[in-house]
Amino acid sequence: MLFCTEMITFALFFKKNIISKDMVAKIQQLLQEIDGLQAASAEEVEALRIKYLSKKGVVNALMADFRAVPVEQKKEVGMKLNELKTAAQAKINTLKEALAGAGDTTADLDLTRTAYPIGLGTRHPLTIVKNEIVDIFSRLGFILAEGPEVEDDWHVYSSMNFAEDHPARDMQDTFFVEAHPDIILRSHTSSVQSRVMESTQPPIRVICPGRVYRNEAISARAHCFFHQVEGLYIDKDVSFTDLKQVLLLFAQEMFGADTRIRLRPSYFPFTEPSAEMDISCNICGGKGCSFCKHTGWVEILGCGMVDPAVLEANGIDSTVYTGYAFGMGIERITNLKYQVKDLRMFSENDTRFLEEFEAAN
Ligand code: PHE
């Protein structure tokens, strides 16, 4: 009797085990089937929904079978069943969305509407002025030359005839790269003069724009970086008169035909004689205003005849050749042209400021 009961229990257990194994296999097969489902119309999607998810659908039928699954396997089979239900629902949704997306997409498009304007952006005022300066000198036969911003002491100072103890080499002015006393950020574009001279024999006629760095506190009137344009002309019989004439032409091209120039004696280690050049104030025409501090003149650049020591240091025979050089700050020229009061405006990237130069582009 006892034996009989055990037999029945065993047979039942065996049957139930088969049920759950069958179910898992079936669910697995259905998952694959669902994954591959396709539909060409909304009706087809609805038919699939009915087949799998309606009351009399495949998933619900399995739910009924689930009751027969032994307790200890309910968890595993139940999870599988849930997975199937979620997968079927997700597939039906995807099929629906795909069909909606493939519908008539032009229905709500107005093809006659004007296009959105594309903002082209504007050139930076410093670039506009740099291009103008370079253009003027290009017309006089100067060609463009550029050099590195991270430089060595030789090209920035030594080759330019700066004495070992010249104050411009002081920590106050020069940025050093990682405490490496020989590698610095160039503090003027005169380093490009040196690079051109060491690699070219005269005649040399170059115009060198670029960014320079000086260790200065940032304010409305000073910045730790700014921009210069340097000019260099070396040939036989180049004289101070040539320099003066070229600079007069530049000033009149840049600031108008009525512009006058004035040269004042000055000092630079790399030029002898040296001068600073003023132009008649372009705001008041030289009558005197607050901009020119009532002098009628404003300073725009430094210049001079290349010191023979500089020619020799850079491999050019100073008994055969002479030359002149000049250098100006692009910010300074831009201020004179557009009266930008605060130097910081140039590097703050305020698009309202930049857009004001749209017309000058
Ligand atoms: N390098 C000078 C400066 O930075 C400008 C200059 C260049 C002067 C060339 C004379 C000749 O102030």
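A pocket is an open set of grid points, where a 1.4 Å probe fits, with protein on both sides within 12 Å along at least five of seven lines. The exercises below concern a predicted model.

**Exercise 1.** Determine which elements and residues line the second largest pocket, and state its volume.

*Solution.*
1. The volume of the second largest pocket is about 340 Å³.
2. Its lining comprises 19 residues; nearest the centre lie Leu-126, Thr-127, Gly-210, Arg-211 and His-227.
3. Two or more lining residues come from each of α5, β5, β6 and α10.
4. Sorted by class, the lining holds 6 nonpolar, 7 polar and 6 charged residues.

**Exercise 2.** Establish the strand order of the open sheet and explain why β1 and β7 each have one side without a neighbour.

*Solution.*
1. The open sheet has 7 strands with mixed pairing, ordered β1-β5-β6-β10-β9-β8-β7.
2. β1 (143–144) and β7 (261–268) are at the edges and each pairs with a single strand, so one side of each lacks a neighbour in the sheet.
3. Within this order, β5 (residues 204–213) and β6 (residues 225–235) run antiparallel and are joined by 10 bridges.
4. Tyr-213 is placed opposite Phe-225 of β6.

**Exercise 3.** Describe how helices α5 and α10 are placed relative to the strands.

*Solution.*
1. Helix α5 (residues 125–139) packs on the sheet, in contact with β1, β5, β6 and β10 (322–329).
2. The direction of α5 makes about 165° with that of β5.
3. Helix α10 (residues 330–338) lies across β6, β8 (271–280), β9 (297–306) and β10.
4. Relative to β10, α10 runs at about 60°.

Terms used: Residues numbered from 1 in each chain as written. Predicted model: local features only at pLDDT ≥ 70, side-chain atom pairs only at ≥ 80, totals over all residues. Heavy atoms only, no water. Pairing = 2+ DSSP bridges. Helix = DSSP H or I, 4+ residues; strand = E, 2+ residues; numbered from the N terminus. Contact = heavy atoms within 4.5 Å. Axes fitted to C-alpha atoms, helices over the stretch in contact; angles between N-to-C directions. 1 Å grid on protein atoms, 1.4 Å probe; cavity = no way out; pocket = protein on both sides within 12 Å on 5 of 7 lines; lining within 4 Å. Points joined across faces, edges and corners; volume = space filled by probe spheres on them. Nonpolar A, V, L, I, M, F, W, Y, C, P; charged D, E, K, R; others polar.
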